[in-house]
Amino acid sequence: MTAQPKKKVLLKIIILGDSGVGKTALLHRYVHGQFIQEHKATIGADFITKDISVEDKMIWDTSGQERFQSLGTAFFRGADACVLVYDITNDQSFKQIEMWRSSFLEQSSPPDAEKFPFLLCGNKHDLQSTRAVSAQDGEQLAHKYRMQFFETSALDGNNVEAAIRKIASVTSDLDT
Ligand code: GDP
């Protein structure tokens with residue numbers, strides 16, 4: 001018998017949410033461990049692919065940043081997980097989460113929509129004084145759709161690593 005090669009999985013994780021919620025900042029924080037102030041706004045969607053080796057060394061590659069409407073099914077096809085981001089200081093961005101979730105499911109048509117791994121992410125946790133969405137509201141929505149839930153801050157890094165690790169582990173469990 002030949003030895004099995006070390007498991008290496010490429011994950012396609014889609015990150016969705018209204019413009020300005022912090023999708024790019026979250027990715028940047030995760031990839032580079034820093035907060036970026038100035039960059040071009042992104043509309044709707046980004047996607048990231050991720051390599052996981054058995055040693056759990058992670059290499060991320062970010063690409064995308066196109067208009068959501070023009071992305072089409074090819075963009076979503078084969079997605080392993082989806083991160084839905086809202087801004088805890090922006091109630092409207094929270095209200096849009098269900099729309100983002102159903103758009104994603106419509107476009108990607110995963111084999112078992114009920115079990116598809118979603119992560120709900122309430123970003124800008126550092127802005128407590130202007131909070132508009134309570135943590136309970138976030139939890140309730142996550143519970144309703146059986147999503148993982150984290151409040152994160154791309155600014156101070158709170159929970160960013162934990163959230164991404166969680167969704168990556170849930171996703172890679174599916175392959176084993
Ligand atoms: P995107 O359009 O969803 O990609 O959002 P961006 O990543 O462009 O972020 C929009 C704005 O929010 C930028 O000015 C960011 O600097 C800011 N921002 C993003 N994440 C955070 C955060 O966690 N805390 C705070 N205070 N600001 C953030």
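Which residues touch the most other members of the largest nonpolar core? Keep that in mind as you look around; the model on your screen is a predicted one.

**The whole chain**

Start with a cartoon view. The protein has six helices and six strands, and along the sequence they follow the pattern β-α-β-β-α-β-α-α-β-α-β-α. Of its 176 residues, 37% count as buried. Taking contacts between residues at least 6 apart in sequence, 70% join residues at least 24 apart.

**The core**

Now for the opening question: select Val-83, Leu-84, Leu-119 and Leu-120, which touch the most other members of the 37-residue core. Two or more residues of this core come from each of β1 (9-16), α1, β4 (81-87), α4, β5, α5 and α6. Colour β4 next, as this strand gives the most to the core, with six residues. As a general background, nonpolar side chains in soluble globular proteins tend to be buried together.

Stay with Leu-120 and show its surroundings. Leaving aside residues up to four places away in sequence, Leu-120 touches Leu-84, Ile-97, Gly-138, Leu-141, Ala-142, Met-147, Gln-148 and Phe-149.

**Strands β5 and β6**

Select residues 118-123 and 148-151, which are strands β5 and β6. In which sense do β5 and β6 pair, and over how many bridges? The pairing is parallel, with four bridges. To find one spot along it, pick Leu-119, which stands opposite Gln-148 in β6. Then add helix α5 (residues 135-144): β5, α5 and β6 make a right-handed β-α-β unit.

**Around the ligand**

Turn to the ligand and select the residues around it. There are 18 of them, and Gly-22, Lys-23, Thr-24, Ala-25 and Leu-155 come nearest. By type, the shell holds six nonpolar, nine polar and three charged residues. Which helix gives the largest share of the shell? Helix α1 (residues 23-32) does, with three residues.

**Along helix α1**

Follow α1 from one end to the other. Its buried residues are Lys-23, Ala-25, Leu-26, Leu-27, Arg-29 and Tyr-30. While you look at them, recall that an α-helix has 3.6 residues a turn, so residues three or four places apart point the same way.

His-32 also belongs to α1. Is His-32 buried or exposed? With 10 other C-beta atoms within 10 Å, His-32 is exposed, because the limit for that class is 12 or fewer. Try a distance label here: the C-alpha atoms of His-32 and Gln-148 are separated by 24 Å, and these residues are 116 apart along the chain. Just after the helix comes Gly-33, with a positive phi near 70°.

**Two backbone stops in loops**

Most residues other than glycine have a negative phi, which makes the last two stops worth a look. Ser-109 is not a glycine, yet has a positive phi of about 40°. You will find Ser-109 in the loop between α4 (97-108) and β5. Its 11 C-beta neighbours inside 10 Å make Ser-109 count as exposed.

Finish at Asn-159, in the loop between β6 and α6 (160-175). Asn-159 is another residue other than glycine with a positive phi, near 65°. How exposed is this position, and what count does that rest on? Asn-159 is partly exposed, with 17 other C-beta atoms within 10 Å; that class lies between the limits of 12 or fewer for exposed and 20 or more for buried.

Note on methods: Residues numbered from 1 in each chain as written. Predicted model: local features only at pLDDT ≥ 70, side-chain atom pairs only at ≥ 80, totals over all residues. Near = placed C-beta within 6 Å. Nonpolar A, V, L, I, M, F, W, Y, C, P; charged D, E, K, R; others polar. Pairing = 2+ DSSP bridges. Right-handed = clockwise from strand over helix to strand, strands pointing away. Contact = placed C-beta atoms within 7 Å. Core = buried A, V, L, I, M, F, W, Y, C linked by C-beta atoms within 7 Å.
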